[in-house]
Amino acid sequence: MTPKEAVYVVRRAAELQGRSNLVIAPIGVPWYYAYLASKSGLPLGVSRYFVYGCAAGRGMFYIKPDGEVWPCPFLPVSAGNAAREPASRIWNSPLFRSLRSRDSLQGACGSCRFKEVCGGCRARTYIRHDSPYAEDPLCPLSNGAEDLVRAVEAAEPTPCTAPIVIG
Ligand code: SF4
């Protein structure tokens, strides 16, 4: 996905959410929640009780067929092996703990006021920067924008032709 396609997904998801009672959660663009929180004017201290953005190692993990446990299916870093270690040790591994603590984030994400409701896509940062803690390269704030809502709404998005999967 390109930055312009990501803006398209965020705008389309927000538009659909405005007329749906289903909770729409686009995968891989956690700054969607930062955009909604900022646009709604809800204080971030309140928003963080409802949304937390990237779920890697926080709200999900992925167990591979060989037992290796990744924080997310797209983040190929093992925190241990479920066939040989208790789940509590893996859940409390340095990798999972550091992903749950947004204090470990770096770059634009590290200093971002939205990091508790977003946190950036940790899998994308790993693939792009070889680090699960770097800034999310698709976020307008990582690309020099000062205001997320203005950046999303002023952009000329490129329609994303990838299929939309609901599940
Ligand atoms: S800079 Fe990082 S934490 Fe802040 S909104 Fe963008 S992706 Fe999220």
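**Exercise 1. Locate Phe 50 and classify its exposure.**

Solution. Phe 50 sits in the loop between helix 3 (44-47) and strand 1 (62-63). Helices (H or I, at least four residues) and strands (E, at least two) are DSSP runs, numbered from the N terminus. The model is predicted: local features need pLDDT of at least 70, side-chain atom pairs count only at pLDDT 80 or more, and totals for chains, interfaces and linings use all residues. Residues are numbered from 1 along each chain as its sequence is written.

Next, count neighbours. Phe 50 has 12 C-beta neighbours inside 10 Å, so Phe 50 is exposed. The scale: buried means 20 or more other C-beta atoms within 10 Å, exposed 12 or fewer, partly exposed in between, with C-beta atoms placed from the backbone.

**Exercise 2. Do likewise for Glu 153, then give its distance to Pro 3.**

Solution. Glu 153 lies in helix 8 (residues 148-154). Glu 153 is partly exposed because 14 other C-beta atoms fall within 10 Å. Glu 153 and Pro 3 are 150 residues apart along the chain, with 13 Å between their C-alpha atoms.

**Exercise 3. Describe the packing of helix 1 and helix 2.**

Solution. Start with geometry. Helix 1 (residues 3-17) and helix 2 (residues 31-40) pack at about 55°, axes 10 Å apart. Axes are lines fitted to C-alpha atoms, for helices over the stretch in contact; angles run from 0 to 180 degrees between N-to-C directions.

Classify the angle. Helix 1 and helix 2 are therefore oblique to each other. Under 35 degrees is roughly parallel, over 145 roughly antiparallel, 65 to 115 roughly perpendicular, the rest oblique.

Finish with contacts (C-beta atoms, placed from the backbone, within 7 Å). Val 10, Ala 13 and Ala 14 of helix 1 meet Tyr 32, Tyr 35 and Leu 36 of helix 2.

Note on methods: Two residues are in contact if their C-beta atoms, placed from the backbone, lie within 7 Å.
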